[in-house]
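Dear colleague,

I am passing this structure on to you, and below it you will find what came out of going through it. Please keep it open beside the text as you read.

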Amino acid sequence: MNTHILRQEIYLLGKTLAGSRFHRNLQFIRSHQFLPRWELMAWQQQALERLIQNAYERVPYYQQQFTIHKLVDATGKIHFDRFTELPPLTRETIREYTPSLISNDIAKRKRIIKLSTGGTTGDPISPYADLQYWDWYLAATYFFYEWMGLKLGMPYLYFWGAPQDLGLQGYNLKSKIWVNLIQNRHVLNCRALSEEIMARFITEMNQMPHRKHMVACVNELYDLACFSLDNKLPITHPFEGILVTTAALTEEMRQTIQSVFHGPVYSRYGSREAGDIASECFFQDGLHINPLFSYIEIVDDEGKPVPPGIEGRILITDLHNDVMPLIRYEVQDMGILREYTPCLCGRHWDTFEQITGRLHERLILPNGATFGKVFLHYPMDIFTDLRAYQIHQLAPDTIEVHLVSPDPNYLETHQYEIQESHHRFQSCTQNMLKVSYHQVAELEKAPSGKRLVIINKIKTSQASASAQRPEPSIPTL
Ligand SMILES: [Zn+2]
């Protein structure tokens, strides 16, 4: 028997003996992924109504919210057409009202866990879940692994930085055997990459040609790819699939990583608290949203849905977390949905055209106009020989453009591009911005370790952005 099949059998047996429905859920997703669109939509609608019914019956916060916003009438009937009247569930609400967001049957549930987040802006939350949800969460993750050819038990690299996933916090020997031996995962901790560590990782990867798949943090893997090119330390074997996540993947990053690792790169979107939501398929054309796991909306500042093609706030509704339902949860990311068209892969799923950044990752001009990452393509795509950039807004009318390049005299050798970029910034902001360009060795990171493209250093910006949105009516419980 192939060792990966043996590992898979041991894993599934272990799960089944522990009372897990992971395998059943994974098979469910596999067998339903190619359903006609109307059947998928009908299934999702049913799952959503079940979730709402459960939340209404067992979760004090939603009992009150559904009543206030008339999602449920006096007879207890759910009016799903009023779903979008429900205010988005913010991180602040979750933190402040955690006890009233938890189902009153929690004592009867198996293995309660906390899905703690780091929080890109340093504002962590910790939703609760149980084994039932965890089995869906894991199934959704492994399902996307399969899209890049990684099957359960096959050897893979985990190029990752979050300590809670790396066995650094509370992992005992049993957990390590379970993850590293049975799931066949080899960790390369990319939390603090130095040149010495990057050189060692490349050597390590080259010594493990049987590990042909990788799950990776995108920015750090891009750094490693650039390091490999700059120092002529090549990766000597081809990868069959690389799944990258935790930040947006630009086309330039994809091409660089693909050329260094000799294999296709797929982008995935998700969050620790809401699981793996969407991924690119083989055709690498937008991120398909798994309709069997969550319900996604893109909304404006008032919480009302915007049409495909328009940038808005991403709201996530977990279809399977009955312990602490996250309904219209505002994950603080911005994105654009694509007008539905069937994909060549045969799935009739909704697709993110782009994840466009964090909610507060935007420039706010003196006249109040805001610009997100999408806007930056126009003034920044002009640059060549550029590894990465970051925009710092220091005042309403002042930004600094930080440029990272292997060329030590970049500002001199790319003067024309800088002038053109400056002209483009001015032309689309009505000359409101003072723009300066600086070459830097590395970019600034957020408190969580994530690297944002726009860092808004005006203290009041976040307060004014959040002040624009309606506050939900909070239960008095
Ligand atoms: Zn597809």
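**Cores of the chain**

In this predicted model, the largest nonpolar core has 90 residues, and those that touch the most other members are Phe159, Ala216, Val218, Leu221, Ile242, Ile257 and Ile316. Helix α7, residues 131–147, gives this core its largest share, namely 10 residues. To take one member, Ala216 touches Phe159, Leu221, Ile242 and Val244, if residues up to four places away in sequence are not counted. Another core lies apart from this one and has 15 residues, including Leu363, Leu376, Ile399 and Leu403. As a general background to such cores, nonpolar side chains tend to be buried together in soluble globular proteins.

**The chain as a whole**

The chain has 15 helices and 19 strands. Its radius of gyration is 23 Å, close to the 23 Å that the globule rule gives for 477 residues, so the chain is as compact as a globular protein of that length. The C-alpha trace spans about 70 × 65 × 40 Å along its principal axes, and 38% of the 477 residues are buried. Among the contacts in the chain with a separation of 6 or more, 66% are between residues 24 or more positions apart.

**Two open sheets**

One open sheet is formed by 11 strands, in the order β4-β3-β5-β6-β7-β8-β9-β13-β12-β11-β10, and its pairing is mixed. At its edges stand β4 (185–189) and β10 (294–299), each of which pairs on one side only, and from one strand to the next the twist averages 40°. Within this sheet, β12 (residues 329–337) and β13 (residues 351–358) pair in the antiparallel sense over 5 bridges, and Asp333 has Arg358 in β13 as its bridge partner. Helix α7, already met as a contributor to the core, lies across β6 (241–245), β7 (265–271) and β8 (275–279), and runs at about 30° to β8.

A further open sheet has 4 strands in the order β18-β17-β16-β19, again with mixed pairing. Here β18 (434–439) and β19 (454–456) are the edge strands, and each has a single partner strand, so one side of each is left without a neighbour in the sheet. Neighbouring strands of this sheet are turned by 20° against each other on average, with direction ignored. Strand β17 (residues 398–404) runs parallel to β18 and is joined to it by 6 bridges; Glu400, for instance, has Ser436 in β18 as its bridge partner.

**Helix α4 and Ser20**

In helix α4, residues 60–68, the buried residues are Tyr61, Tyr62, Gln65 and Phe66. Seen down the axis of α4, these fall within an arc of 115°, so they line one face of the helix. They pack against α3 (37–58) and α6 (98–101), while Lys70, just after α4, takes a positive phi of about 60°.

Is Ser20, then, buried or exposed? Ser20 sits in the loop between α1 (3–17) and α2 (22–32), and it counts as buried because it has 20 C-beta neighbours inside 10 Å. Leaving aside residues up to four places away in sequence, Ser20 touches Lys15, Leu131 and Asp135. Ser20 and Val306, by contrast, are 286 residues apart in sequence and 38 Å apart in space, taken from C-alpha to C-alpha.

With kind regards

How values were computed
Residues numbered from 1 in each chain as written. Predicted model: local features only at pLDDT ≥ 70, side-chain atom pairs only at ≥ 80, totals over all residues. Core = buried A, V, L, I, M, F, W, Y, C linked by C-beta atoms within 7 Å. Buried ≥ 20, exposed ≤ 12 C-beta atoms within 10 Å, placed from the backbone. Contact = placed C-beta atoms within 7 Å. Pairing = 2+ DSSP bridges. Axes fitted to C-alpha atoms, helices over the stretch in contact; angles between N-to-C directions. Arc of directions from axis to C-beta. Rg over C-alpha atoms; globule rule 2.2 N^0.38 Å.
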